[in-house]
Each structure stands twice: as C-alpha cells, then as structure tokens.
Amino acid sequence: MSTVTTDQGIVIPIGTDAADNPQAFIDQTAGVESRLVLRYTDLANRTALHTAPVEGQITDLAAEDRMDAHDGAAYISLATRALYARRMRTTNAVPIISSTVLVPDATLTVPLDVTGTFRFYGRIYYDASTAGDFKLAFTFPAVAANGAKWGQVGRQAATATNFEAGVTTASGTALAAGGNGVGVSTFVDFDGFINITATGSLVAQYAQNTSDATNLTIQFGSWLEVVKTV
C-alpha cells in the first residue's frame with residue numbers, strides 16, 4: 001500500500017506488501033519529476049517532449065539560456081518578467097559585397113514563443129565604406145495597433161563627426177547610418193518595443209545602404225537583448 005506526504009502530496013510506499021511497491025515507486029517518481037526543473041536542449045525539444053505542462057512547472061532551455069515557469073496558460077521567462085534572451089556575435093559575419101538586399105543574421109535572432117510586449121535593444125559594430133554606408137532593420141511577428149516602434153543612433157553619412165537618429169514602426173523597414181571606411185569600426189545603438197499578437201522571431205537584418213564594390217562587415221561583439229515587459 002502507499003500514502004502521500006502531507007505537504008507536497010508525493011506518493012510514498014508503506015507497509016510490507018511487496019506487490020504494491022513497484023507501482024508506488026512509479027507514482028512517487030512521477031510526483032517528484034513534475035516538481036523538478038525539467039531540462040531540454042532547446043525550445044523545439046521542450047515542445048516535442050513536454051506536451052502537457054502544468055501551472056508552476058519550471059523548464060530549462062539550454063540553447064536559449066533561459067528558464068521558464070508555466071502560468072497555466074503559457075511559459076513565462078523566470079528572469080522577467082526581465083531578461084528574455086541574449087544574443088551576441090563572437091565572430092564577424094560573412095561580408096556583404098555590393099548589395100542593398102537585407103540579410104538576416106541567424107545569430108542575432110530571438111524566437112518569441114509567447115505573445116505580449118517585448119523591449120529589445122543592443123549595439124551593432126560594423127565597418128563599411130563611406131560610399132556604401134549601412135542600414136539596419138528588424139523583422140518581427142504581427143503586432144497590435146500602435147504595437148511597434150524602434151529607433152537607432154548612428155554615425156551620420158554626410159559628416160564623419162556627427163551622429164543622427166531615426167525611428168520606424170514597421171517590420172523589415174531599415175534605418176541608415178554612415179560608414180567610417182572599410183576595416184574601420186563604428187557602430188549603431190538601437191532600442192525599441194513590440195507588442196506581438198502572434199509568435200515568431202525577432203530577427204536583425206542589414207545590408208549596404210548604397211551598393212558599391214566594397215565589403216560591409218558586421219563585427220564580433222554585436223549584441224541583441226530582449227526583455228518581456230508584460
């Protein structure tokens with residue numbers, strides 16, 4: 001036979017009935033496991049294996065470097081409602097040559113697996129010619145009315161010593177900044193929010209602002225952080 005603990009209600013075997021012990025042990029293991037921090041390699045692994053989450057369960061996502069708690073309806077990042085994800089380049093990206101077509105950066109991409117409002121911010125280090133310059137965009141899932149706005153501050157294209165700011169509200173719409181010369185580092189800082197009504201990914205994209213026969217390189221140390229605010 002078996003009983004349950006008074007606090008957490010975990011099944012434990014008691015008595016001398018050996019025939020009941022195997023099932024009691026299985027029930028005990030199930031009760032304990034549901035109270036552990038459940039470990040998964042990434043979001044897809046959790047989705048595949050943890051098909052019936054229960055309110056209060058905590059899961060750890062190794063690839064995303066994030067722990068989530070389930071609130072009965074959705075997973076909420078434990079570090080928020082604070083830090084939701086951090087991405088940083090440890091190597092330079094493949095150079096973009098003579099192209100104004102925006103290129104998505106797989107490293108500076110954050111899957112957003114719950115809806116709600118997110119703030120995102122960071123810095124992009126790059127080098128580009130003074131003729132080709134640079135442009136940055138972000139794509140993101142569908143948003144509510146007045147549900148997106150982000151801006152950047154970067155080197156002004158026309159004047160080497162001046163900086164300028166720009167703002168946009170649309171997914172995939174780029175803001176431009178100046179180049180400081182091929183092989184000469186400069187940067188843009190960006191900050192914004194999105195109130196998404198569908199899940200998807202926030203993806204940084206970039207390209208030359210004016211096509212010329214030189215390299216635009218996004219450099220190591222470029223970073224993106226995402227915070228869930230509500």
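Modeller: Start with a term we will need: two strands pair if DSSP finds at least two bridges between them. Keep in mind that this model is predicted.

Colleague: Which strand does β9 pair with, and in which sense?

Modeller: β9 pairs with strand β16, residues 200-207, in the antiparallel sense. Six bridges hold that pairing. For one position to look at, find T109: V203 in β16 stands opposite.

Colleague: What is the strand order of the open sheet that holds β9?

Modeller: The order is β9-β16-β11-β14, four strands with antiparallel pairing. β9 (103-112) and β14 (175-177) are the edge strands, each pairing on one side only. Direction ignored, neighbouring strands in this sheet are turned by 20 degrees against each other on average.

Colleague: And which open sheet has mixed pairing?

Modeller: The one with the order β3-β4-β5-β6, also an open sheet of four strands. β3 (37-40) and β6 (75-77) each have a single partner strand, so one side of each lacks a neighbour in the sheet. Here neighbouring strands are turned by 30 degrees against each other on average, direction ignored.

Colleague: Do β3 and β4 pair in the parallel or the antiparallel sense?

Modeller: Parallel, over four bridges, with β4 spanning residues 58-61. Take Y40 as a landmark: its bridge partner in β4 is L61.

Colleague: Which strands are joined to β17 by bridges?

Modeller: β8 (residues 96-97) is joined to β17 (residues 215-218) by two bridges, running antiparallel. I97 has N215 as its bridge partner there. β10 (residues 116-127) also runs antiparallel to β17, again with two bridges. In that pairing, D127 is matched with T217.

Colleague: How many bridges join β12 to β15?

Modeller: Eight, with β12 (residues 143-155) and β15 antiparallel. K149 finds its bridge partner in F193 of β15. β12 pairs with β13 as well, antiparallel over six bridges. There W150 is the bridge partner of T168. When you look along such strands, remember a general rule: in a regular strand the side chains alternate between the two faces of the sheet.

Colleague: How many helices and strands does the protein have?

Modeller: Two helices and 18 strands. A24 sits in one of the helices, α1, which covers residues 21-33.

Colleague: Is A24 buried or exposed?

Modeller: Buried. The cut-off is under 20% relative accessible area. A24 has 3%, so A24 counts as buried. Its C-alpha atom lies 6.7 Å from that of V11, which is 13 residues away along the chain.

Colleague: What share of the protein counts as buried?

Modeller: 40% of the 230 residues. The exposed surface is about 11400 Å², with 57% of it supplied by carbon and sulfur atoms.

Colleague: Which residues have the most contacts inside the largest nonpolar core?

Modeller: The general idea comes first: in soluble globular proteins, nonpolar side chains tend to be buried together. In this model, the largest nonpolar core has 32 residues, and F134 and F138 have the most contacts inside it. Set aside the neighbours of F134 within four places in sequence, and its contacts include I124, Y126, L175, V188, Y206 and I218. Across the protein, consider contacts between residues at least 6 apart in sequence: 69% of them join residues at least 24 apart.

Colleague: How is a pair of aromatic rings described?

Modeller: By the distance of the centres and the angle of the planes. This structure holds eight aromatic pairs. One of them, Y126 with F134, is stacked, at 4.1 Å centre to centre and 15 degrees between the planes. Y126 is buried at 0% relative accessible area. F134 is buried too, at 0% relative accessibility. Another pair, F163 with F187, is tilted: 6.3 Å centre to centre, with 45 degrees between the planes. That pair links distant parts of the chain, 24 residues apart: F163 belongs to β13 (residues 163-168) and F187 to β15 (residues 186-196).

Colleague: Are F163 and F187 buried or partly exposed?

Modeller: F163 is partly exposed at 47% relative accessible area. F187 is partly exposed at 24%.

Colleague: Which residues do ring pairs link into a cluster?

Modeller: F120, F138, W150 and F190. You have met two of these names already: F138 has, with F134, the most contacts inside the largest nonpolar core, and W150 is the bridge partner of T168.

Notes:
Residues numbered from 1 in each chain as written. Predicted model: local features only at pLDDT ≥ 70, side-chain atom pairs only at ≥ 80, totals over all residues. Heavy atoms only, no water. Buried < 20%, exposed > 50% of the residue type's maximum accessible area, 1.4 Å probe, protein only. Axes fitted to C-alpha atoms, helices over the stretch in contact; angles between N-to-C directions. Core = buried A, V, L, I, M, F, W, Y, C linked by side-chain atoms within 4.5 Å. Contact = heavy atoms within 4.5 Å. Areas by Shrake-Rupley, 256 points an atom, 1.4 Å probe, with all protein chains shown as cover. Phe/Tyr/Trp six-rings, centres within 6.5 Å; stacked < 30°, edge-to-face > 60°.
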